[in-house]
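Here are some exercises to work through with the model open beside you. Try each task yourself, then check the steps below it.

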Amino acid sequence: MSVTDLAPITDLRVNGERLWQALMELAKIGATPKGGVCRLALTELDRQGRDYFVAQAKAAGCTIRIDAVGNIFARRAGRNNDLPAVMTGSHIDTQPTGGKFDGNYGVLAGIEVLHTLNDAGIVTEAPLEVVVWTNEEGSRFVPVMMGSGAFIGEFKTDFILEQKDRDGISVGDALKSIGYAGTDTISPKNVGAYFEAHIEQGPVLEAHEITIGVVTGALGQRWFDVVITGSEAHAGPTPMALRQDALLAASHMVQLVNQTALDHAPNARGTVGMLDNYPNSRNVIPGTVKMSVDFRADSDEILSKMVETLHAKAQDIAKKGKVKIDITQVVYFPPQAFAKELVSAVRNGAKNIGLSEMNVVSGAGHDAVYMARVAPTAMIFVPCKDGISHNEIEDAKPEHLEAGCNVLLHAMLERAGS
Ligand SMILES: [Zn+2]
């Protein structure tokens, strides 16, 4: 075959059927009667899932390395192995009533990319790696996103190994018992780029009938405790004008939180999910309300504006209602923008294949959010049925999973050089 007989690399496509078969094969390990998967981190079932991944990776010609917290790195050599690797992956642990696709898709999509390159006889300039991160779900052991967090230095290895499940079994002992207590040291400096393909776990793509979500970043979060102090009084003798009704003020605060997020659409979120009304008695004007405020947005600038609005308008509400409103920040996670050049690689991949795409943001945590702190990172979302995840009925269409994998293939090729 002469060079001119070769199809252009832009025509290269993954084998969607093979990807689907691999997903269904892995889903058998820990399968639940309702069609989901229960494969908690570092259990015997997790060992079987890991063994399946390692066998697949070896069949694709990879060398395997395992670090001290059990992250598995499968490496396919490039032409220049001094270059940092172009990496992809996700997790294979699940929630107790988890689905077949959350995490598993990102890992097996990575393997399918390698099979496709092998079939086409393509060697990339930079090496490629597919990674399985330990305990992303945080169901059996906390903290969540344990493996990727340890990899980037957010958690010390010893701290992770000491964490115990409800039965008192430590991460370190669990790793040893399943044979995945590794000794390899892998530096984040060896990662040139990180891509993660994932089901959306939300309703946006399906609602817009779009196949590929180009994830531009993850929302930052600011959480507050709010205490509203009024004065308890009898519901009968106290005229309306003379009340200090804490719950009435709280109702205005709920409206304020909602409106503030709407004013910064489409990527701002504002939620009051928790509210305690005291004394919560039928004929007493409420004297104290404690409530939560959860603000999310894709930039610190917008988050700051939302918080300024919250403070300023809360003072108006307090004045009008003759109550006191105290607002205390309790949680802050910075927004994490993904790397522009990798986001472009994802969009180019979708466009060149002729797939519909739109920008989306991740409202949830992913291993990619940690990875973005140490390496250029981007994510690819595909729709899942009704936006449902962390549920045994979690579902995704084979053609969407195939499409996302094709985008991953071309984004990785763009970064690794073919
Ligand atoms: Zn996941």
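**Exercise 1. A pair of neighbours**

Task: Find out whether Asp386 is buried, partly exposed or exposed.

Solution. Start with the cut-offs: buried means under 20% relative accessible area, exposed over 50%, and partly exposed in between (1.4 Å probe, protein chains only). Asp386 has a relative accessibility of 48%, so it counts as partly exposed. Now look at Lys385: its relative accessible area is 46%, so Lys385 is partly exposed as well. Asp386 and Lys385 form a salt bridge, with the closest N and O atoms 3.5 Å apart. That term stands for a side-chain nitrogen of Lys or Arg within 4 Å of a carboxyl oxygen of Asp or Glu.

Before you go on, keep in mind that this is a predicted model, where local features need pLDDT of at least 70, side-chain atom pairs count only at pLDDT 80 or more, and totals for chains, interfaces and linings use all residues. Residues are numbered from 1 along each chain as its sequence is written, and side-chain values use heavy atoms, with hydrogens and water left out.

**Exercise 2. More salt bridges**

Task: How many salt bridges does a search of the whole structure find? Then look at where some of them sit.

Solution. The search comes up with 17. One of them joins Arg50 to Asp46, with 3.2 Å between the closest N and O atoms. Both residues belong to helix α2 and are 4 residues apart, about one turn of the helix. (Helices are DSSP runs of H or I with at least four residues, strands are runs of E with at least two, and both are numbered from the N terminus.) Arg50 and Asp46 are both buried.

Next, take Glu357 and Arg347, whose side chains meet at 3.3 Å, N to O. Glu357 is in strand β15 (residues 357–362) and Arg347 in helix α10 (residues 340–353), so this pair ties together parts that are 10 residues apart in sequence. Last, there's a network of salt bridges that links Arg18, Glu112 and Asp119.

**Exercise 3. The zinc site**

Task: Which protein donors does the zinc ion have?

Solution. Donors here are N, O and S atoms within 2.8 Å of the metal (3.2 Å for Na, K and Ca); water is not among the atoms, so sites may look incomplete. The protein donors are His91 (NE2), Asp102 (OD) and His198 (NE2), at 2.0 to 2.3 Å from the zinc ion. Along the chain, their spacing reads H-x10-D-x95-H. His91 and Asp102 are both in the loop between β3 (85–90) and α3 (104–120), so the pair ties together parts that are 11 residues apart in sequence. Check their cover too: His91 and Asp102 are both buried.

**Exercise 4. Strand β4 and its partners**

Task: Work out how β4 is covered and which way β3 runs beside it, parallel or antiparallel.

Solution. Begin with cover: in β4 (residues 128–132), 5 of 5 residues are buried. Leu128, Val130 and Val132 point one way, while Glu129 and Val131 point the other.

Now the partners. Two strands pair if DSSP finds at least two bridges between them. β2 (residues 72–76) pairs with β4 in the antiparallel sense over 5 bridges, and Arg76 has Leu128 as its bridge partner in β4. On to β3: it runs parallel to β4, joined by 5 bridges. Leu128 is also the bridge partner of Val86. The chain goes from β3 through α3 to β4 in a right-handed β-α-β crossover. Right-handed means that, with the strands pointing away from the viewer, the path from the first strand over the helix to the second runs clockwise.

**Exercise 5. Unusual backbone spots**

Task: Where do Leu42 and Pro143 lie?

Solution. As background, most residues other than glycine have a negative phi, and most peptide bonds are trans. Leu42 has a positive phi near 65° and is in the loop between α1 (16–27) and α2 (44–59). With 2% relative accessibility, Leu42 is buried. Gln201 also has a positive phi, about 65°, but at 22% relative accessibility Gln201 is partly exposed.

Turn to the peptide bonds. The one from Val142 to Pro143 is cis, with omega near 5°, and Pro143 is in the loop between β4 and α4 (146–151). Another cis bond joins Ala265 and Pro266, with omega about 5°.
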